[in-house]
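Student: Got a minute to go through a structure with me? I'd like to ask short questions as we go.
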Amino acid sequence: MTVIVRGGTVINATGATTADVIIEGDKIAAVVDPSSDIAASAARSDATVVEAAGRYVIPGGVDVHVHLQLPMSPEATSSDTFETGTRAAVIGGTTTVIDFAGQLHGTSVRDAVEERLAEAQGQCAIDYGLHLSMGDVHDQSLKDMRSLVDEGMTSFKLFMAYPGAWYSDDGQILRAMQVAAETGALIMMHAENGIAIDVLRDQAAGRGNTSSVWHGRTRPPELEGEATYRAIQLATVAQAPLYIVHLSAAEALEQVVLARDRGRNVFAETCPQYLYLSLEEHLDQPGIDGVRHICSPPLRSRADGHQDTLWTGLRTDDLSVVSTDHCPFCDSEKLLGIDDFRSVPNGLGTIEHRMDLLHQGVVTGELSLSRWVDVCSTTPARLFGLQGRKGVIAPGADADIVVYDPKATHVLGAETHHMNLDHSVWEGVELQGKAETVLSRGSVVVEQGEFVGTIGHGRYLERSIPEPLR
Ligand code: URP
Ligand code: ZN
Ligand code: ZN
């Protein structure tokens with residue numbers, strides 16, 4: 001079956017051009033000048049035509065950091081399932097997500113992976129992959145790490161935060177990085193100094209400082225900067241590439257800049273919440289409004305300029321990727337910590353809005369169109385072993401394509417979003433630009449902004465070794 005996406009402005013990370021995109025089956029066959037003979041003969045065939053004049057034609061978004069149906073505690077599981085989360089993602093123009101299998105302390109890597117694969121199987125509207133969150137680094141889990149790389153699971157998250165739960169000490173981190181250096185896997189680091197943070201949290205609670213803003217005040221940016229520095233040094237010693245997840249603070253970015261300027265294979269992602277929301281305006285609110293904004297790392301102070309610094313980092317390529325760290329909890333679960341920030345399940349819901357929130361950066365002049373595509377699609381695909389398959393509009397790539405209306409305006413909120421979430425940290429935010437039609441591997445799955453795909457269409461992605469790019 002042939003599909004032609006006709007007459008749009010095709011935007012890749014390398015630039016933009018007016019072109020027809022010809023799709024055969026689930027792959028892109030050609031990107032051609034609309035006045036060419038190839039375009040004319042494709043149009044004469046019985047091809048399905050998707051009109052894209054006046055629209056952008058971009059590679060589907062690649063969100064490499066999501067937590068769907070994640071049991072955070074016995075009482076709180078993130079509220080989007082693989083079904084609701086991937087459906088919301090594709091409505092927003094994201095066609096690939098990478099979630100996590102989680103190896104809790106005392107459990108086996110193999111069991112964690114098998115269980116998570118079974119949970120996702122047949123439940124996804126779009127293609128999906130898994131990283132492994134390693135919560136227990138020892139001889140067997142390092143052996144399992146090697147075999148997972150051979151099987152196409154090529155990225156591993158470690159935690160310098162959450163002592164007593166996901167935390168790894170420096171020795172464990174170094175050992176995992178050494179395996180990454182050997183195998184070509186990518187270590188993803190949650191870089192916050194959890195040991196020091198726990199001292200500050202308990203001290204604050206001891207003084208009766210238990211409201212939501214104390215979540216932020218007890219996770220100061222210096223402790224993200226310090227952990228980022230340490231992770232970079234450990235990766236340097238191990239000679240392993242490193243990817244810092246959900247970078248939120250100027251202090252952490254400073255370390256990434258230094259490392260990259262020295263030619264190190266260090267990458268970092270940030271998330272829309274760290275670009276737009278702040279400690280003062282969002283986290284420091286009374287009651288449920290503040291608690292809804294609890295995530296880790298926390299929202300940062302606007303007075304200290306973190307948000308502006310992160311936008312600059314995206315422009316200078318010191319920040320390589322924007323993911324969501326989508327980890328939504330409904331109010332009933334956020335309320336578990338209404339009297340003590342330490343009991344609030346951490347995480348926000350953004351999976352549906354990432355492409356639009358970053359396009360808003362194009363509208364306001366923070367990013368170029370190509371850089372938007374680069375940080376939301378092309379580089380995340382490349383760093384996570386999907387290079388050439390996802391994140392690019394080129395012959396041979398999967399036909400994951402978004403026809404994007406750059407003029408459509410909309411207002412975000414819980415009434416209209418498709419995430420399984422009873423509130424929105426983006427309530428009332430006005431945006432320009434919206435996905436109109438979305439194709440996943442050549443099938444139209446969103447039409448006029450409505451989901452018309454099928455749950456179970458999404459396939460599990462075995463990934464290759466990420467390219468160690470700067
Ligand atoms: O608050 C957050 N980020 N929740 C998800 C877990 C994590 O550390 O990424
Ligand atoms: Zn994390
Ligand atoms: Zn996360």
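Tutor: One term before the metal site: buried means under 20% relative accessible area, exposed over 50%, and partly exposed in between (1.4 Å probe, protein chains only). By that cut-off, both Lys-157 and His-246 are buried.

Student: What kind of model is this, and how are things numbered?
Tutor: This is a predicted model: local features need pLDDT of at least 70, side-chain atom pairs count only at pLDDT 80 or more, and totals for chains, interfaces and linings use all residues. Residues are numbered from 1 along each chain as its sequence is written, chains are lettered from A and ligands numbered from 1 in the order in which they are written, and side-chain values use heavy atoms, with hydrogens and water left out.

Student: Which residues coordinate the zinc ion (ligand 2)?
Tutor: Lys-157 through NZ, His-190 through ND1 and His-246 through NE2, at 2.1 to 2.2 Å. Donors are N, O and S atoms within 2.8 Å of the metal (3.2 Å for Na, K and Ca); water is not among the atoms, so sites may look incomplete. The donor spacing in sequence is K-x32-H-x55-H.

Student: Where do Lys-157 and His-246 lie?
Tutor: Lys-157 is in strand 11 (residues 155-159), and His-246 is in the loop between strand 13 (242-244) and helix 9 (250-261), so the pair ties together parts 89 residues apart in sequence. Helices (H or I, at least four residues) and strands (E, at least two) are DSSP runs, numbered from the N terminus.

Student: How far apart are the zinc ion (ligand 2) and the zinc ion (ligand 3)?
Tutor: They are 4.0 Å apart.

Student: Now ligand 1. Which residues are closest?
Tutor: Lys-157, Tyr-162, His-190, Ser-296 and Asp-325, out of 13 that surround ligand 1. The cut-off is a heavy atom within 4 Å.

Student: What about polar contacts of ligand 1 with His-190?
Tutor: A side-chain N or O atom of His-190 is 3.1 Å from a ligand 1 oxygen. For Ser-296, a backbone N or O atom lies 2.8 Å from an oxygen of ligand 1. His-67 has a polar side-chain atom 3.3 Å from a ligand 1 oxygen.

Student: Switching topic. Is Arg-116 buried or exposed?
Tutor: Buried, with a relative accessible area of 5%. Arg-116 sits in helix 3 (residues 109-120).

Student: And helix 16: where does it bend?
Tutor: At Val-375, by about 50 degrees. Of its 15 residues, 13 are buried, so helix 16 is largely enclosed by the rest of the structure. The bend is the angle between axes fitted to the seven residues ending at a residue and the seven starting there.

Conventions:
Polar contact = N/O pair within 3.5 Å; in protein donor to acceptor, adjacent residues only side chain to side chain.
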